[in-house]
Amino acid sequence: MRSGRDHGGGLDAAMARFGGTRADWVDLSTGINPVPYPLPEISADAWAALPDQKAEDQLIDAARRFWNVTDDLSLLAAPGASSLIAQLPCLIPQGSKRVHIPTPTYNEHAAGFAAHGWNKVNDTPDVRVIVHPNNPTGHWYGALDLDAPFTVIDESFADVAPERSMIGHANNSTIILKSFGKFWGLAGLRLGFAIGPSDLIERLSERLGPWAVSGPALRIATAALTDHGWATETRARLNDDAARLDNLMTKAGAELEGGISLFRLYRVDNATAWQERLAAHHVWSRIFPYSEHYLRLGLPTPQEWAQLETAL
C-alpha cells in the first residue's frame, strides 16, 4: 500500500519497531475472516490459460443467486472492490459534483471522489456514499438513508448478516459494492463485485478491460458462493468469537463502542498506549488518526487466542 492513506495492516512496520518475525505476530489490524474459505483444487488450465467466458458466467450466476440479485440489475466481477471505488466517481451521474460521505468511514471513497474533482458536502448532495455496515463503527443504514439522487452502497462487510443487505432496495439510482476478501477471508485473491443498473455496469466493465478477474479467482469464488453451508457455519462462528473477544476486552478495561462480527471497535483511555502494550506481545491492532480513544481489533485464529489473552 503506497497511497499514504490510513489502513489496517502495516505488520512490516510493526515488526521493525517491536521485533519478531511474521510467524510471531497475531495481526488483528484488519477485519478479514481469520479462517478463510478452504481453497478447492485449481486445474492447471486455470493458471495457464486466459480466463474463459464460461467461467466468468458461472461466477456471475453464483453471485446472483447468493445475493438474490434481481434480473433488472447487472452484476460485474472486478479485481477487488478498491478498483471499483477508484473508478466510480467518473462514471456515476455528476450534477454539481457534490458528494456526501458520512464519517468516520473507509477513507478510499473520499480519496476516489477527490481525485475526480468532487466536493464533499453535508447536505443536498448529488451522490451519497454509505458503507453498510460502516467501518469502523459497525453502523447499519436503512432505506431512509437512500434519499440522495444517487447512492453508492459499500457492502464489503455485509455478508456477516445477509438479512440486513440493501440489495432489496437496489434500483437505477444505486450501486452496491461487494468484497470477497472480508467474509471469505481471501483478501489476497483481489475480488470484488458491483451490482447496479446495466448502463453503469457496462461502463465500469469497459474501464476495467478484458480478463479483469483471474482464472483461479473465478473458480475459487464460484465454489465459495455456492457453498451455503460454509457461509451459515461461518456466521455462527464469527458471532461466537466476537462475543469471546468482547468478554476479554471488557475485562481488560475497554468499552465496546461498535463493530460487527468480523471486527470490534473499543473505546479505551489511550489508544496509542493500548496498541503499544499489545505490540510488545506481538499482537497488532488498529488505531485511527482522528481518535485518541478508538481501538479496533479483528478476530484471532483458533490458535492465536492464548497469545492475545497473555497480551491483555
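In this predicted model, the C-alpha centres of domain 1 and domain 2 are separated by 26 Å. Domain 1 is made of residues 11-36 together with 229-311, while domain 2 covers residues 44-226.

**The interface between the domains**

Contact between the two parts involves 19 residues of domain 1 and 20 residues of domain 2. About 1,600 Å² of area is buried between domain 1 and domain 2, and carbon and sulfur atoms contribute 70% of this area. On the side of domain 1, the residues that lose the most area to domain 2 are I32, R235 and I260, which together account for 33% of what that side buries.

Which kinds of polar pairing does the rule find across the interface of domain 1 and domain 2? Five residue pairs are in polar contact there, both residues being at pLDDT 80 or more, whereas the number of salt bridges across this interface is zero. Three elements each give two or more residues to the side of domain 1 that touches domain 2: helix α8 (228-251) and the strands β9 (255-260) and β10 (263-267). The largest share of that side, five residues, is provided by α8.

**Salt bridges**

Side chains of opposite charge can pair when their charged atoms come close. The structure holds twelve salt bridges, and the table presents three of them, including the distance between N and O atoms.

| Salt bridge | N to O distance |
|---|---|
| E276 and R17 | 2.7 Å |
| R219 and D52 | 3.8 Å |
| E155 and K178 | 2.7 Å |

E276 and R17 form a salt bridge that links distant parts of the chain, since E276 belongs to helix α9 (residues 271-279) and R17 to helix α1 (residues 11-18), 259 residues apart. E276 is partly exposed, at a relative accessible area of 30%. R17 counts as exposed because its relative accessibility is 57%, and the cut-off for exposed is over 50%.

The salt bridge of R219 with D52 ties together parts that are 167 residues apart in sequence, because R219 lies in helix α7 (residues 215-225) and D52 lies in the loop between α2 (44-48) and α3. Both residues are partly exposed: R219 has a relative accessibility of 27%, and D52 has one of 33%.

Are the partners E155 and K178 buried or exposed? E155 counts as buried at 0% relative accessibility, and K178 is likewise buried at 1%. E155 is located in the loop between β6 (150-154) and β7 (174-179), and K178 is in strand β7, so this pair joins parts that are 23 residues apart in sequence. Elsewhere, D45, D52 and R219 are joined into one network by salt bridges that share partners.

**The surroundings of W67**

W67 is placed in the loop between α3 (53-66) and β2 (74-78). With a relative accessible area of 6%, W67 is buried. Leaving aside residues up to four places away in sequence, W67 touches D159, I167, K178, W184, F193, I195 and L225. With one of these residues, D159, the side chain of W67 makes a polar contact through the side chain of D159, at 2.7 Å. The C-alpha atoms of W67 and S261 lie 19 Å apart, and these residues are 194 residues apart along the chain.

**The annotated region**

An unreviewed UniProt entry places the feature "domain: Aminotransferase class I/classII large" at residues 150-300. This span is 36% helix and 26% strand, and its end C-alpha atoms are 38 Å apart.

Notes: Residues are numbered from 1 along each chain as its sequence is written. Side-chain values use heavy atoms; hydrogens and water are left out. Helices (H or I, at least four residues) and strands (E, at least two) are DSSP runs, numbered from the N terminus. Buried means under 20% relative accessible area, exposed over 50%, partly exposed in between (1.4 Å probe, protein chains only). Contact means heavy atoms within 4.5 Å. A polar contact is a pair of N or O atoms within 3.5 Å; within protein, one must be able to donate a hydrogen and the other to accept it, and residues adjacent in sequence count only if both atoms are side-chain atoms. UniProt positions are given in the numbering used here, feature names are shortened, and annotations may be inferred rather than shown by experiment. Domain bounds come from an automatic or database domain assignment. Buried area is the accessible area (1.4 Å probe) that two parts lose on being put together, summed over both. A salt bridge is a side-chain nitrogen of Lys or Arg within 4 Å of a carboxyl oxygen of Asp or Glu.
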